[in-house]
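I opened the notebook for a short look at one interface and at the cysteines. The entries follow.

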Amino acid sequence: SDLHKRELLCIFGTGDLGRSLGQRLLQTGYRVVYGSRRPHSCGPLPPGAQVMSHTEAAQLAAVVIVCVHREHYDFMEEVAPQLKGKVLVDVSNNSKKGLYPESNAEFLQSLIPAASVVKAFNTVSAWSLQNGPSDAHRQVFLCGDKAEAKQAVRELATRLGLSVLDRGSLSAAREVEDFPLQLFPEWRLPLCIATGLTAFFFFYLLIRDVIYAYVEQDKDISFRIMVSLANKVFPIVSLIMLSLCYLPGVMAAILQLYRGTKYRRFPDWLDHWMLCRKQLGLLALGFAFLHVLYTLLIPIRYYVRYKVTIRENKTAVFDTTSAWRTDSYFSVGILGFALYVLLGITSLPSVSNALSWREFSFVQSKLGHLTLLLCTLHTYLYGWNKFLRPSTYKWCTPPGYMLCLVVPSVVLVLKLLMVLPCVDRSLGRIRQGWERTGPEGEGTKPLMA
Amino acid sequence: SDLHKRELLCIFGTGDLGRSLGQRLLQTGYRVVYGSRRPHSCGPLPPGAQVMSHTEAAQLAAVVIVCVHREHYDFMEEVAPQLKGKVLVDVSNNSKKGLYPESNAEFLQSLIPAASVVKAFNTVSAWSLQNGPSDAHRQVFLCGDKAEAKQAVRELATRLGLSVLDRGSLSAAREVEDFPLQLFPEWRLPLCIATGLTAFFFFYLLIRDVIYAYVEQDKDISFRIMVSLANKVFPIVSLIMLSLCYLPGVMAAILQLYRGTKYRRFPDWLDHWMLCRKQLGLLALGFAFLHVLYTLLIPIRYYVRYKVTIRENKTAVFDTTSAWRTDSYFSVGILGFALYVLLGITSLPSVSNALSWREFSFVQSKLGHLTLLLCTLHTYLYGWNKFLRPSTYKWCTPPGYMLCLVVPSVVLVLKLLMVLPCVDRSLGRIRQGWERTGPEGEGTKPLMA
Amino acid sequence: SDLHKRELLCIFGTGDLGRSLGQRLLQTGYRVVYGSRRPHSCGPLPPGAQVMSHTEAAQLAAVVIVCVHREHYDFMEEVAPQLKGKVLVDVSNNSKKGLYPESNAEFLQSLIPAASVVKAFNTVSAWSLQNGPSDAHRQVFLCGDKAEAKQAVRELATRLGLSVLDRGSLSAAREVEDFPLQLFPEWRLPLCIATGLTAFFFFYLLIRDVIYAYVEQDKDISFRIMVSLANKVFPIVSLIMLSLCYLPGVMAAILQLYRGTKYRRFPDWLDHWMLCRKQLGLLALGFAFLHVLYTLLIPIRYYVRYKVTIRENKTAVFDTTSAWRTDSYFSVGILGFALYVLLGITSLPSVSNALSWREFSFVQSKLGHLTLLLCTLHTYLYGWNKFLRPSTYKWCTPPGYMLCLVVPSVVLVLKLLMVLPCVDRSLGRIRQGWERTGPEGEGTKPLMA
């Protein structure tokens, strides 16, 4: 009958992952046999699975999935004769990076040289196997030296509803094993930059505002740290980080123009910077979000309500210029923030995957630079005529928002130069593969080589 | 020529789904023949498809896709001889759960025992087949008893650009057929909790605020129901639900510590609770979002503007402690909300799929508990010294925000106990598979068994 | 050894894409040989790849990937004898639509009629191949005339971790080649509508508010353009566009009721309209978001702060009805906006893919109409008794919010009629395939035909 034709798989180890994997395989229509050191006392197994000794189990199946911690691999050598020519799937992870000189999978291969070791499934958790993959981490990395062994494991994973990505030979196993241990590696640099900028501007403004008031005017306004100071630091960091997002692109274009070719690699620091632009931008969006919340909160603060009840006595004259300036300043800020949020939404994986390449670059480049322009304009309007007033420069230091305008202004000016027709044309040619080959005349190097 | 080698598929039924499926199959390079009861008057079919009687059509193809409602399956018995040994794909859905004793696919199998019935494609709509799957529901569930039949259908689905998930034998067909009929099953419990809490706190605060003012002070402040009361109920429900998100995790840890093993199942209610933590958290985020909007709206309310113009006469003294307290309270609230939103974003399927397991648990556990801490602190700062003032306890009842502090405070204290070095170490060992096996001595049970 | 069994692929062209593709193929376990016009001076190639003349390279492999711009296809004719019977993969894109009379792939096929051309990989960029597909555009479209050739390329793409969608015969190549060049085609109509509505209401309100005040009262309130006017235009456009989202659904239902069948196609304009409902709704959400930000900003505007300090002198009587009205108006608006955001979140591809069909239609239809109802109610409450006051109609024109109530009110009334039991029953029958076939009696046409 059909049941006899169902493929039999062997699983070594009856821990959480072994059980969950076995259960899922049985549901998918495989037959499963467990190999265990203590076949008679290994706790509850999924119904329909058999359990026997490692040696017996290994003989029955062509594929053996090793759900055992690396520390217990030593028993494998006893089973070596039965594993000859079989596909051994190493699903193990370590608790830390760099615990062992070689990857678990390579270690397993060295123990059983006659088997074909394939590293796979180490990114899949027992939890997601049990609860179905709709919500879970479906991406499986796979590597190994034998093409047929990999093909067998690839089919297995595909039948389980997982999405497979081949990472090459077994020497990639270390990278695959390190993946579940990584903790936001590409966020590290942007987070450092954000922390550094926040700390710098916090202390800078603390001195300029709170300590200055205390020293020069003998007033204690330390309570302003919680909201007013935070609401100065956050927009400053946000604008600088947004401009740091677009600076490497401009620098790369300048480098290509200067070198006259796109075929020479960028320096490593520039490459690294360009790869973390998305993270820089998202952190900048986070700071902008905080800035918006802090700003909208202003009128319900005790301090502001108090000031309103005090201020009433003085009769003011309505100043239309002030009304124009503040309303423009708010309006530009809101539009900038709305575009910012749009950029954030398009960087969600599922949204960016639905965009064509041209659409993605339109949003991230055109709308991104427009966002930067609006946010910079917002800051200039905030400063207005205070740039020229000497009283602005307490203790000869410029206010924070002036400092933070430097980088975005530079980026915008350079970008403006880049879109001048003559520069744009040169850059376009270089990006299509043209090369300026020096004094021996203009060479054209097509894509075709 | 090549055209003769293209696989021929047979579709029974020329309704919406049959036509759309046929069109898509033709586009993908299959040949399609329709079986119809009235081959000469069955309306427009996709160009390139042939139409004939059921019997004739069934003879030509190895795979027959049955796009017919279950009510009309009776005609199938006449075609039974032609369907012997063929793969029959049942794509049907019912309009309600529990209409029939057995699933449609099992019923079909009982009508034609000599064919191999495979349940598939029932989650795919005619609409998404016509408009391309870029935006559509691409997940196809598949079940059946014959491995080769399933393999044939799996290949078919993969070629159509759909993503296949094998759910096992034909006995899973009922579950597969119920899937398109389900309406947020995992949201039901969290929604009930949210509704219950909202109703309770609404009436509690209605009595404490509005009715109390009416009875004791003879004032009609019923207009406060719309904004003030809502803005008290929403944050209370939000904080309680956020803490309910983290309570089961702490309880599970205590249970594991008490039992000394992780290999005994949790009680069903705890399992059920743990599986709906994501939904609890997202609902809590929704309530927090409403709280933020209601709070930011305060200064433009008519009532508040009125109060401002009235209050001006009394001259107040500026109180730095109040300024510190309210600004801290706002600042902690904003930071808590921002983290909250971050948690919500990482629970989007496409974002959580891009995270490694360690990253996901870092965000959901570490940042989650930090969010709970900030939000609880926000509420304590809101209460401040009112906890000790007798006038707070109108009619001897505590204000709503005090009631809502109970659960989060308990969760935070328990969590604090859990991260104490000694407790953390025991828990870590248990979670790696160690078992305390009672008086006969410490047993160690490795993953390997 | 195993290395000799690895499949060998040939790549023509050593440009960016050729190199990146070769590198990825080598990582995945293929052997790669490059064909180049200048094999000895073609720059750095991925380690492990060989480079030789086109003719030599073509002889070695069964699959040749052509990473060359169309302008350089002429060299292919020289290699024609070596390409006989081979699979030729055309990965090229053009820089503009409609540059050439036929698609690149069809042109290649006409140059080498003896080869099997398959169009593929043109949506994949060198960048995403180099940096892994976790973040990248993984969707590959594929078309071609020979089934076996397509199967070979499909396997290749699957091994590279890409997701393949078969678009049929080579005649679909033009469409596939146009895909990376498209720039939000489905957003064009909604953007036009949004721009048109914004412009109309901007000038309408400019005349009614600013110019009216200037002419009749001789006051310059032009500064109000930046915030007040924007905050009138945005909610108006948002509400109209939200109702335009639900209007075609109601119109389709009326058409089906009138025709008595669902089997006749809708007019093209209605089809087109229905396909851009999602975009209409998302733009409406964007305008609503701006409206919320502008509204919350009101109390920190200079103009409003100024008015507050002025107004204090007049003593007002507290009006409970006004308090009820304004608080209801705010509360309904906030709830409407929160539902709006929920609709936006469920239209994210990864979220909508996780929903069953019934869940998706529940959210988009039930919650969508509730959102429309709340937002319309919000606007009616805003108007309140001003509808009857003659002073509202400056220069005999109604205010903007009255104009914008027309479409949503019509949609809501029609929708209300649709859910009346008798209408709902007729519609339900029609949507299940029933047809009213005119005077010769009621015909029932089941799905089965």
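How many salt bridges does the rule find across the interface of chain A and chain C? I found zero across that interface, taking a salt bridge as a side-chain nitrogen of Lys or Arg within 4 Å of a carboxyl oxygen of Asp or Glu.

Basis of the entries: this is a predicted model, where local features need pLDDT of at least 70, side-chain atom pairs count only at pLDDT 80 or more, and totals for chains, interfaces and linings use all residues. Residues are numbered from 1 along each chain as its sequence is written, chains are lettered from A and ligands numbered from 1 in the order in which they are written, and side-chain values use heavy atoms, without hydrogens and water.

I looked up the contact (heavy atoms within 4.5 Å): 65 residues come from chain A and 62 residues from chain C. The two chains bury about 5800 Å² between them, 64% of it on carbon and sulfur atoms; this is accessible area (1.4 Å probe) lost on being put together, summed over both parts.

Next I checked disulfides (cysteine sulfur atoms within 2.5 Å) and found zero over all chains. The sulfur of A:C375 has its closest cysteine sulfur in A:C404, 10 Å away, which is too far for a bond. A:C375 is buried, at 13% relative accessible area (buried is under 20%, exposed over 50%, partly exposed in between; 1.4 Å probe, protein chains only). B:C67 is in no disulfide either, with the nearest cysteine sulfur, that of B:C10, 9.8 Å away. I noted B:C67 as buried, at 4%.
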